[in-house]
Every structure is written in C-alpha cells, then in structure tokens.
Amino acid sequence: MAKIRFDFAVAMVMAFGVGSLVNFGAGKVIDVMEEKSKEEVVSDVEIGAVAGRGTPVADSISDMMKEDYFTAHIERENELDSVYYDNVFYKIYELESGEVVLADENFYNAQYDHDEDDTDLFPDIYRVLPVGRVVREQLDEGLIEAVEETGHTLTDTSFYIDMRGGFEEFSREEWEGRAEFLSFVVGLAAFLLIRYLMIASGLFSPVFPLRFLKSWKRFVNYYGIIYYGDEVKQIVELRRKGKMDEAAYEFSKLVGVDDEEAQMAMRFWQDIYGEGILKVKVK
C-alpha cells in the first residue's frame, strides 16, 4: 500500500484547517444574511416591500395601469398556481375583476389580512401582496406556455407585475453551496502555498521527482524544477555537437545513475530540458 509522505500530509492538514475556518466564517455570515432577509420592510412605494396603509389597492388590470405603485388583495381561491421559469418563481393570480395576471413576488413581504367590518368568528382571509408595479414587456413564449401548462391563461401577455424589486429571495442552500466552493478554493490555494514554502525553503523535496533522477547535486530545488550549474551547459554542448555517448556519460556522473539510465535520460532530454525541468543556472 502506498505511503503518504509526511510533508504532504502536514500540508493537507493545514490546508484543511484553513478551508474549515473559511467555511465556518462564511456560515456565520450566511446566518446574518438569512435573518436580514426576513426583516419586514413596510412602505407605500418601495417595490417588493410590505404594502403600507397608503398603497393603492388594484382590483383590475386597468387599475394597475393607472398607478405607479399598487398592491392587490387576493382571496385564497384566487391564488391559482405558480411556475418556475428562467430561475424565477412566478405566481399566477386572479384579480377581483376575474382577470388573470402573472407576478414576480417577494414571498416574505406578502401578508394575510381580513376586513375590519367582518365580525364573523372565522372571517374571510385574503392575501395582501407586496408593493408592485407593471413591467410592460412581451412575455417569452416559453413562459406563456409554462403558465398554460398549469391550466390557466393570462388575460394579457404584454406585461407582468414586479413585486420583488430589490428584495432578493434568500436561498440558504445556494449560499451554503457557494461557501463550500469558496472554502475548497481557499483550501487548495493554501495547500499549494504551503507546499511552495516547504519546498522553496529546501526542507523537503518535490512531490513528483523524475524517476531516473535518483540522486542529484541540487543547487535550488523548486517544485520539481532542478537548477544546475555549468555541468548542464556541458551536456547541452555535447548534445548539440552530436556526441550523445559523451553527453550521457556526463549526465551519469552528474546525477549518479548508470549508463543505461543516462542513455534513457538523453532520449527524454527535450522533455526534461525543453520543458524547464532542467535549467542552466550561470553563477
């Protein structure tokens, strides 16, 4: 069974600790964001806010078209359905007039209420929608088809009602997924940085040394890139002159391998030299 190098394991543990710390901090931030998203904002004019006492109540499409800002009171049986399209949950409502409209609504700022003069033990409850406005734009055919698949037909497809505004629907699962990705990226970066410091300090060798470099005179060992002095320059000169046997001999003396392995290294020379694994360091 393969053994894990000590320095590699230490770097992994340290990087895991950094990633866990980032994930913990992100979790605390998400808690604050979630609580903030549930704060009730009451306004007569702010799109997506809880409708105030002064917000006009629209009972029909014509009422909505006349107002810059409005709310609507929807009976339970007139909350028809909802559709998910292009990352948005739309609500389908039937207005008091019987017209069917589509709304992008801030769920948290919708309230339930009843008429004050309804003295019944169980008064009729209706939904008070957030402050909204008409957005005049032709709906996508895909969205219209999605609505029709619910068994309902919009009265007018040339607009929808924006009742969300700047209030984003908070998704803890989505933010936790982002936090996990962030902690992974930070942990990976921490691992690479720790490995760099370990190797650049000269305390540890590269994780993946070339298999035919069993031993070597190391000038500086930096992530598997071995810098040599004039010895490599001599080998380069011999190879350029076509003296491959002499080049292999000099290489065998340099790294302490036998002739056969030195010959193999010469066949891979363009890989190990041209790709930057062996470089000349002129003092």
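## Charged pairs and a charged patch

In this predicted model, the side chains of R133 and D162 come together in a salt bridge, with a distance of 3.7 Å from N to O. This pair ties together distant parts of the chain, since R133 belongs to strand 9 while D162 sits in strand 10 (residues 159-163), and 29 residues separate the two. The partners differ in how much of their area is accessible: R133 has a relative accessible area of 36% and is therefore partly exposed, whereas D162, at 10% relative accessibility, counts as buried because the limit for that class is under 20%.

Side chains of opposite charge can pair when their charged atoms come close. The structure holds four such salt bridges, and another of them joins the side chains of E105 and R127, with 2.4 Å from N to O. Here too the link is between distant parts of the chain, with E105 in strand 6 (residues 100-105) and R127 in strand 8 (residues 126-128), 22 residues apart. Both E105 and R127 are buried.

A further salt bridge is found in a helix, where R240 pairs with E237 and the closest N and O atoms are 2.4 Å apart. R240 and E237 are three residues apart in helix 5 (residues 230-240), so about one helical turn separates them. At 62% relative accessibility, R240 counts as exposed, because the class begins at over 50%, while E237, with a relative accessibility of 32%, counts as partly exposed.

Charged residues also gather on the surface, where D86, E137, D140, E141, E145, E148 and E149 make up a patch of negative charge. One of these residues, E137, can be placed in the loop that runs between strand 9 (133-136) and helix 3 (141-148). With a relative accessibility of 42%, E137 counts as partly exposed, because this value falls between the 20% under which a residue is buried and the 50% over which a residue is exposed.

The last stop is a residue in another loop, N78, which is found between strand 3 (73-75) and strand 4 (79-85). Although N78 lies in a loop, its relative accessible area is 14%, and N78 is therefore buried. Leaving aside residues up to four places away in sequence, N78 touches I92, Y93 and E94.

Note on methods:
Residues numbered from 1 in each chain as written. Predicted model: local features only at pLDDT ≥ 70, side-chain atom pairs only at ≥ 80, totals over all residues. Heavy atoms only, no water. Helix = DSSP H or I, 4+ residues; strand = E, 2+ residues; numbered from the N terminus. Buried < 20%, exposed > 50% of the residue type's maximum accessible area, 1.4 Å probe, protein only. Contact = heavy atoms within 4.5 Å. Patch = residues over 30% accessible without salt bridge, like charges linked within 9 Å, V, L, I, M, F, W, Y side chains within 5 Å. Areas by Shrake-Rupley, 256 points an atom, 1.4 Å probe, with all protein chains shown as cover. Lys, Arg positive; Asp, Glu negative; His and termini not counted. Charge placed at Lys NZ, Arg CZ, Asp CG, Glu CD.
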